[in-house]
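Please open the structure in your viewer and keep the selection tool at hand. At each stop, select the residues that are named, and then read what is to be found there.

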Amino acid sequence: MASRKRTTIKLSAKGAILRAPQPPSEAQSGDSSPMRLSERLDVNLTYLKSIFANASDIHFREFRIFDGRPAAIIYIQGLTDKTEIDDNLLRPLTQPNHAVDRMLELSHRLPLGVLVEEYVHIAGAKQVTTLQEAIKMVIEETNMLLLVEDEPVGLAVSAAKSPDRAVEEPNTEAVIRGPRQGFNENIETSLALLRTRLRSTAFCIESFDLGRYTKTTVALCYISDIASSNLVDEIRSRLKRINIDGIIDSGYIEELIEDSPHSPFPQIQNTERPDVVVSQLLEGKVAILANGSPFALILPINFWGLMQASEDYYERYMIANAIRALRFIFLFINLYLPSLYVAITTFHQEMLPTKALLSIAAAREVTPFPAVVEALIMEITFEALREAGVRLPKTVGSAISIVGALVIGQAAVQAGIVSAPMVIVVSITGIGSFVIPRYNLAITLRMLRFPMILLAGTLGLFGIVVTTLAVIIHLSSLRSAGIPYLSPVIPFHWRDMKDAIVRAPRWAMQQRPAESGKANPRRESNATRKSRRLPSRQRARS
C-alpha cells in the first residue's frame with residue numbers, strides 16, 4: 001500500500017499558488033508549471049484530500065450522476081448554502097428525466113459542458129482546468145467545486161452563504177432625521193447599499209485582495225466623472241503597496257495609507273453610513289470598504305469636515321448652523337477649559353472677579369493638592385469611567401459610568417481631595433467631548449488636554465499659547481491624501497467657505513469643493529435659486 005505524502009501549498013503575496021505537489025500518477029520532476037486536473041476522479045480527490053488534510057471544515061461529498069459516473073463536490077462547511085446545492089445541483093444531476101433518457105440513448109456519457117448548460121441551475125458557474133485554480137476557488141472564492149470522472153475540468157459553482165448581520169441603524173452615528181441603514185461586515189451588502197443610491201455607470205468599484213493569509217476583499221469606490229484621476233491613482237497605488245499577513249478591519253488600512261502616521265489627528269474619515277459615503281463621493285472623494293468591517297474609509301478629508309454630522313444636511317440650514325456653532329463652542333471648552341482653570345487659579349488670579357476668586361479660594365482651602373494635580377486626577381478618573389462604560393455590557397455600562405462619576409465626584413469633594421469647582425469643570429469638559437460628532441477627533445482632543453494642563457500648570461497662560469501655536473502649525477502642515485488639512489481656510493477658498501464653519505442654503509452651494517472637485521466643479525444648476533422659485537407674477541415685477 002502506497003504511503004500518502006504530506007504536502008503544503010506555497011502562496012505568493014497576491015495569493016496565487018506558486019508551487020503545489022503533483023498527483024502521484026502525474027509527478028514530473030522539476031516541472032513547476034500549473035498542473036492540470038486529471039481525468040481520473042480518484043487521482044484528483046487524493047491530491048485535494050492531502051492538501052486539505054488539516055482543514056476539517058472542508059467537506060468532500062461523493063456521489064454518482066445519472067449516467068453512472070462517480071462525481072464529488074468539495075465545499076467549506078458554514079460558507080456554502082447546502083439547500084441551494086441540494087436543490088439546484090445534486091438533485092438535477094442524480095435524478096434522470098425523459099430528456100436525460102433521450103440524450104443518453106445517443107451518448108452513454110454527457111460532457112461536463114452539456115451537464116452545466118442543461119442541468120445545473122446555479123448562476124455563476126465557472127470551469128477550472130488546473131489544480132491550482134480548483135484550490136483557489138474553494139479557499140479564496142468560497143465556491144463549491146464539482147469534479148466528475150473522465151472529465152479533465154472541474155466546475156466551480158457560486159453557492160456562498162456568509163453569516164451576515166442584518167442591515168441596522170449605525171450605533172455610532174445615530175440621527176433623528178435621515179436614513180436608518182448602516183453598513184455591515186459583508187462587503188457585498190455594503191456595496192449594494194451604495195449601488196442603490198448611485199445608479200450610474202460612472203460609479204466605479206475596484207477590488208483588491210489584501211493580506212497574505214486572510215485574502216480580505218477591499219473595494220475602492222469613486223465616481224469617475226467627478227473624482228480626480230490623480231487622487232484615484234494615488235490611493236490605488238497605496239493600496240497595492242500593502243503587504244501584510246492579514247487585514248482584519250478597515251482600521252488596518254487606515255494606518256497603512258495615511259499621510260502622517262505619527263499625527264494624533266485623523267486624516268481619514270470612517271463611517272458606517274452609506275448616505276455619508278455617497279455624499280462624499282459626490283464631492284470628488286474616494287471611499288474604501290473592507291470585507292469584515294462595517295466602517296468605510298473616506299479620503300481626503302479636512303478638519304472642518306470632521307466637525308460636521310450627516311444630520312446637518314437633512315435639517316434646514318439655519319438649524320444646522322446653530323448646531324455647528326454649538327459644536328465649535330464646546331470644542332474650545334473641551335480643549336481649553338481645564339487648562340484655563342489651572343492657569344488662572346495658579347498664576348493669574350487677578351483675572352477673576354473678586355467674588356469668584358473668594359468662592360474658588362474657599363472651595364480649595366481644604367484641598368491638599370495644587371490645581372494641576374486636581375485636574376489630572378479628575379481627568380484620568382473621568383477617562384477611566386468612560387472607558388469602563390464602553391467595555392461593560394450595554395445594559396450596565398451607561399449606568400456604571402454615570403453613577404460612578406456622581407459617587408466618586410461627590411465623595412472626592414467631601415473628602416477634600418478635589419474642590420467642587422474642579423468637578424464642575426471636568427464635568428462640563430466631558431460633556432463637550434460628547435458633542436464632537438466624530439469619535440476619532442473627540443479622542444484626539446481628549447489626548448491633547450493632558451499636555452495642555454501640564455503646561456498650564458507650569459507656565460500659565462504662556463504654556464497654553466505655546467501649545468495652541470504648536471497645534472496650529474502642525475495642522476497647517478498636515479495633509480490628507482495630499483490635500484491640506486485646514487482647507488478651505490488654509491489655503492483660502494472663498495467658494496468652499498459655504499460649507500466649512502457654517503452651511504449655506506443648499507441652493508447656494510452650486511460648486512463642489514475646490515480641492516477634491518476640480519475635475520467636475522459644477523454640481524447644481526441655477527434653476528433652484530431663490531429668484532427662480534418666486535411666483536411668475538413676482539418675477540415679472542422684478
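Begin by selecting Arg236 and Asp233, whose side chains form a salt bridge in which the closest N and O atoms are 2.7 Å apart. This is a predicted model, so every distance on the tour is a computed one. Both Arg236 and Asp233 belong to helix H7, which covers residues 229-240, and they lie three residues apart, about one turn of the helix. An α-helix has 3.6 residues a turn, so residues three or four places apart point the same way. If you colour the pair by accessibility, Arg236 is buried because its relative accessible area is 18%, under the 20% limit for that class, whereas Asp233, with 40%, is partly exposed.

Select next Arg61 and Asp86, another salt bridge, where the closest N and O atoms are 3.3 Å apart. Here the two partners come from distant parts of the chain, for Arg61 sits in strand S3 (residues 58-64) and Asp86 in helix H2 (residues 82-94), 25 residues apart. Arg61 has a relative accessibility of 39% and therefore counts as partly exposed, and Asp86, with 28%, is also placed in the partly exposed class.

While helix H2 is on the screen, add Asn88, which lies in that helix and counts as partly exposed at 25% relative accessibility. Then select Ile122 and look at the two C-alpha atoms: Asn88 and Ile122 are 34 residues apart along the chain, yet these atoms are separated by 6.2 Å.

For another salt bridge, go to Asp496 and Arg495, whose side chains meet with 3.7 Å from N to O. Which of the two, Asp496 or Arg495, is buried, and which is partly exposed? Asp496 is the buried one, with a relative accessible area of 12%, while Arg495, with 30%, is partly exposed.

Now select Glu379, Glu383, Arg386, Arg446 and Arg449 together, since these residues are linked in a network of salt bridges. The structure as a whole holds 23 salt bridges.

The next stop is a pair of helices, so display helix H11 (residues 317-346) and helix H16 (residues 439-459), whose axes come within 9 Å and cross at roughly 15 degrees. An angle under 35 degrees counts as roughly parallel, and H11 and H16 are therefore roughly parallel to each other. In this packing H11 passes H16 in a right-handed crossing. To see where the helices meet, show the side chains of H11 residues including Leu331, Leu335 and Val342, together with H16 residues including Leu445, Met452 and Ile453. The residues of this contact divide into eleven nonpolar, four polar and one charged.

Stay on H16 and select Asn440, which is found in this helix and counts as buried at 15% relative accessibility. If its neighbours within four places in sequence are left aside, Asn440 is in contact with Pro266, Ile268, Asn270 and Leu306.

Return to H11 and display helix H15 (residues 420-435) beside it; the axes of H11 and H15 come within 8 Å and cross at roughly 150 degrees. Do H11 and H15 run roughly parallel or roughly antiparallel to each other? An angle over 145 degrees counts as roughly antiparallel, and this is therefore the description that fits H11 and H15. H11 passes H15 in a left-handed crossing. Among the residues that make the contact are Phe330, Ile333 and Leu337 of H11 and Met422, Val425 and Ile428 of H15. Sorted by class, the contact of H11 with H15 has eleven nonpolar, four polar and one charged residues.

For the last close view, select helix H9 (residues 274-281), a mostly covered helix in which seven of the eight residues are buried. The buried residues are Pro274, Asp275, Val276, Val277, Val278, Gln280 and Leu281. Around them, display the elements against which they pack: helix H6 (187-195) and the strands S8 (203-210), S9 (216-223), S10 (269-271), S11 (286-290) and S12 (296-299).

Finally, zoom out to the whole protein chain, which has 18 helices and 14 strands. Of its 542 residues, 46% count as buried. Among contacts between residues at least 6 apart in sequence, 65% join residues at least 24 apart.

Conventions
Residues numbered from 1 in each chain as written. Predicted model: local features only at pLDDT ≥ 70, side-chain atom pairs only at ≥ 80, totals over all residues. Heavy atoms only, no water. Axes fitted to C-alpha atoms, helices over the stretch in contact; angles between N-to-C directions. Helix = DSSP H or I, 4+ residues; strand = E, 2+ residues; numbered from the N terminus. Parallel < 35°, antiparallel > 145°, perpendicular 65-115°, else oblique. Left-handed = near helix turned anticlockwise from the far one by under 90°. Contact = heavy atoms within 4.5 Å. Nonpolar A, V, L, I, M, F, W, Y, C, P; charged D, E, K, R; others polar. Salt bridge = Lys/Arg side-chain N within 4 Å of Asp/Glu carboxyl O. Buried < 20%, exposed > 50% of the residue type's maximum accessible area, 1.4 Å probe, protein only.
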